[in-house]
Amino acid sequence: MLSKKTNKIQPVRGMKDLYGHEYKQYKMLVDCAVLAGESHGFSVMNTPIIEHRDVFVKSVGETSDIVSKEIYEFTDKGGDLLCLRPEGTAAVMRAIVSEGLTQSMPLKLMYYGEMFRYDRPQRGRYRQFRQFGFEHIGDKSPYNDATLISIVMNLLESLGVSGLSLCINSIGGQESRARYASEIRKILEPKISFLSHDSRIRLDKNPLRILDSKDKCDQDLCASIPPITDYLSDQEREYFANVCSCLDTININYSIDTSLVRGLDYYTDTTFEIKVDNLAVCGGGRYDNLLSEFGGPSVSGVGCAIGIERLFGLISVPETLRKIVVVIPVSDHDIMYAYNVFHSITGTRKEFIHIGDMKKKMQKANKLCADIAVIIGETERQSSTLCVKNMKDGSQEIVDSIGLMNIIDRS
Ligand code: HAM
């Protein structure tokens, strides 16, 4: 809790305070993503931060790192086993069924908010982080996979994020993956003693997870495993080829990465990640069986989530176009009149500076980089006028309140 070096109270490990420029980047991303989503027919659905633990066990998978190691779980006072949500997709599927929205397919939903994973904190990896996600459910078509990818690529480019690279893959459906899993077992079982502890467990329960391992020795052993694309059915192969053609048609560059199986169990067919400087800033894919796991109809969906913290420092926030107007009463007698004027100003950033002598007040106006100072002394008060000073060129005008709004609008 207390830092040994500074003796100051610290936030919980892996969690950070959001304020200042980072808050501006967060808000900018959320505002732009909502606009981008709305222009493609998505609407916002925000689900609770706390869910039943089972929501993620049956979807993300018992053997995934997220559920087996990283979930923040607890039993509440009523004895229910709950967790802080580690991701948004399963929660949205749960909500579609809980809210009776299954009759309104196809659904295009977007969401943003905090996610929690108890992972080892490092560059771009936090225990509390924020995601912006999109889910398009009930309309399986390669056009929708490619459109979703293009929405995110265009969004990130429009926010000034450069160096984006897109990797895609297809992991097929349950049958193809079962064939692939037995092939992985066949190859790795003779070398089981060289596998890491986690991968030995996965070899039995979920061998595809081994391809995701960060252990160097596991990775070397995986080099001899043929790519998953060799095990796809003709139909799955064709679907993936169509997704790639759609991306080609709309000029989105990508590379195919056959090791991209992703760390969540619900994916089928398309998987993808968008990276900057080798760090994933967005991940997603298609899921055929997720909604039905929650008792909904058997319809497919495609979605992805952007990791907002990973974009901090990469988003350019334009300097506000709004002017900074300061209202300065000359003496204490002018304060109430000036306060009233201050409240009547709308549509711009404004500050009321009433403490100190005139020199101090003007210094504060300069420190705020004010564009316009509205100075109110006895003369202005008596004549119901305002002295408006252009802080950039020093010129002054005496105007009424309408004149002030005109000056703000044109400057
Ligand atoms: P995910 O790949 O686990 O997918 O997370 C999506 C993004 O969240 C990652 O690409 C990364 O930018 C960010 N992220 C993940 N973990 C952390 C962390 N510990 N700290 C900071 N950022 C992180 C999902 O969550 C899926 N629900 C995405 C999806 C939506 N698939 C279909 N629909």
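**Exercise 1.** K27 is partly exposed, with a relative accessible area of 39%. In this predicted model, find which residue forms a salt bridge with K27 and where both partners lie.

*Solution.* Start with the partner: D31 forms a salt bridge with K27, and their closest N and O atoms are 2.8 Å apart. That fits the cut-off of 4 Å. Next, place the pair: both residues belong to helix α1 (residues 20-39), where they are four residues apart, about one turn of the helix. Finally, check the cover on D31, which is partly exposed at 37% relative accessible area.

**Exercise 2.** Follow the salt bridge between K69 and D65 outward: which residues are linked in its network?

*Solution.* Begin with the pair itself, whose side chains meet at 3.8 Å, N to O. K69 has a relative accessible area of 42% and D65 one of 22%, so both fall in the partly exposed range between 20% and 50%. Now widen the view: D65 and K69 are linked with D198 and R202 in a network of salt bridges.

**Exercise 3.** Work out the strand order of the open sheet, and say which strands stand at its edges.

*Solution.* Take the order first: the three strands run β2-β4-β3, with antiparallel pairing. The edges are β2 (50-52) and β3; each has a single partner strand, so one side of each is left without a neighbour in the sheet. From one strand to the next, the twist averages 35°. Then look at one pairing: β2 and β4 (residues 81-84) are joined over three bridges, and H52 has L82 in β4 as its bridge partner.

Definitions and conventions
Residues numbered from 1 in each chain as written. Predicted model: local features only at pLDDT ≥ 70, side-chain atom pairs only at ≥ 80, totals over all residues. Heavy atoms only, no water. Pairing = 2+ DSSP bridges. Helix = DSSP H or I, 4+ residues; strand = E, 2+ residues; numbered from the N terminus. Axes fitted to C-alpha atoms, helices over the stretch in contact; angles between N-to-C directions. Buried < 20%, exposed > 50% of the residue type's maximum accessible area, 1.4 Å probe, protein only.
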